[in-house]
Amino acid sequence: MKYLLQSAGIVFSLGYLGLSSVWEDMPVQVEWGFCAVLLATLGIPHGAADHLVAEKLAHAQQQSFQLPMFLVKYLSVMAAYLLLWYISPLVSFGVFIAISVFHFGDLETTAVESRAQVGLPYYLQILRSFVLGVGILGFILSQHAQEVTPILQKFDLGITLDVETLPAGFYVVCMLLGFQKEHTVYFIYTGITLWIGIYLPLLPAFMCYFAGCHSMYSLRVLATSLQCSLWKLVGQLVPFTLAAISLGTIYLYLVSPQKWVAHAFIFLSILTLPHFFLMHKIIPKRP
């Protein structure tokens, strides 16, 4: 079971590749359904544990934790970021890319030891996490440039972005610079998932990495940090997962149907911002 969970991204990618190979003229709704299932079962749940993370951090600092107050602060950050999207899509998009890049790279270790987050080694780790995230996200986007471009146009950024400016080799080098030998298996599984993703459409390729690699890995880190089993953790997150799905459904219902993919990523970014800050605090770092 352990190895199946570690290789979830590969399993999902091969499963979709096999399905699309044998199912000629597969409706696009199947692609959307595949992505929606992965997002609902792994993608959103990995961020639904934020209240547990905040409670653990509060107790570690000998502070009280109140769930209602946490939810007010959490939702306020989301609302402020939504407002920023309305005021300046370009700035908001830049923030989204920056936090996505760093968050993907930051989840590179399952180390249980922690160290003081100060000094040159820490900042070098920050830099390496960022470079690794650039490699992961950049590779996915650059290998699906024809699909990415029309989606970017629907963000109404006011500028034209070319995701093919840098070659794929640049992003591979970035990933290699983020390599940690003590986590070779994780890097290999992620690399294979990204490679299979070249042969998949953009959304399934991204979701297989996001749910099968990033989210699954995040859930394992959270389970270790919170000292509970993975399945018990997932069970505890069901109410918060359903709440997030409900908010997302309402949001997408209210926006333009022609831009639903772009707005799906906007809603994902709104969920990601407060989650990013909490996860960075709880992820242990190696010197």
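**View 1. Helix 3 (residues 28–43) and helix 11 pack at an angle of about 10 degrees in this predicted model.** The axes of the two helices are 9 Å apart. Because angles under 35 degrees count as roughly parallel, helix 3 is described as roughly parallel to helix 11. On the side of helix 3, the contact is made by E31, W32, F34, C35, L38, L39, L42 and G43. Helix 11 contributes L203, P204, M207, C208, F210, A211, S215, M216 and L219 to the contact.

**View 2. Cysteines C35 and C208, with no disulfide between them.** C35 of helix 3 and C208 of helix 11 both belong to the contact between these helices. The closest cysteine sulfur to that of C35 is in C208, at 7.3 Å, which is too far for a bond. A disulfide would need the two sulfur atoms within 2.5 Å. C35 has 8% relative accessibility and therefore counts as buried. Across the whole structure, the search finds zero disulfides.

**View 3. The largest nonpolar core, with 75 residues.** W85, F155, F206, L233 and F265 are the residues with the most contacts inside this core. Helix 11 (residues 202–226) gives the most to the core, with 16 residues. In soluble globular proteins, nonpolar side chains tend to be buried together.

**View 4. Surroundings of F155.** Leaving aside residues up to four places away in sequence, F155 touches W85, P89, F93, A262, F265 and I266. Among these neighbours, W85 and F265 are, like F155, listed with the most contacts inside the largest nonpolar core.

**View 5. The aromatic pair F104 and F206.** The whole structure contains 17 aromatic pairs. In the pair of F104 and F206, the ring centres are 6.5 Å apart and the planes stand at 50 degrees, so the pair is tilted. The pair links distant parts of the chain, with F104 in helix 6 (residues 89–106) and F206 in helix 11, 102 residues apart. F104 counts as buried because its relative accessibility is 5%, under the limit of 20%. F206, at 8% relative accessibility, also counts as buried.

**View 6. The aromatic cluster around the same pair.** F104, F206, Y209, F210 and F265 form one aromatic cluster. Within this cluster, F206 and F265 are also among the residues with the most contacts inside the largest nonpolar core. F210 is also one of the helix 11 residues in contact with helix 3.

**View 7. G135 in helix 7 (residues 119–142).** G135 has 0% relative accessibility and therefore counts as buried. With residues up to four places away in sequence not counted, G135 touches Y171, C174 and M175. C174 counts as buried too, at 8% relative accessibility. The C-alpha atoms of G135 and A168 are 8.9 Å apart in space, while the two residues are 33 residues apart in sequence.

**View 8. Overview of the protein, with 14 helices and zero strands.** From the N terminus on, the elements run as α throughout. Of the 287 residues, 48% count as buried. Among contacts with a separation of 6 or more, 78% are accounted for by residues 24 or more positions apart.

How values were computed
Residues numbered from 1 in each chain as written. Predicted model: local features only at pLDDT ≥ 70, side-chain atom pairs only at ≥ 80, totals over all residues. Heavy atoms only, no water. Core = buried A, V, L, I, M, F, W, Y, C linked by side-chain atoms within 4.5 Å. Buried < 20%, exposed > 50% of the residue type's maximum accessible area, 1.4 Å probe, protein only. Helix = DSSP H or I, 4+ residues; strand = E, 2+ residues; numbered from the N terminus. Contact = heavy atoms within 4.5 Å. Phe/Tyr/Trp six-rings, centres within 6.5 Å; stacked < 30°, edge-to-face > 60°. Axes fitted to C-alpha atoms, helices over the stretch in contact; angles between N-to-C directions. Parallel < 35°, antiparallel > 145°, perpendicular 65-115°, else oblique.
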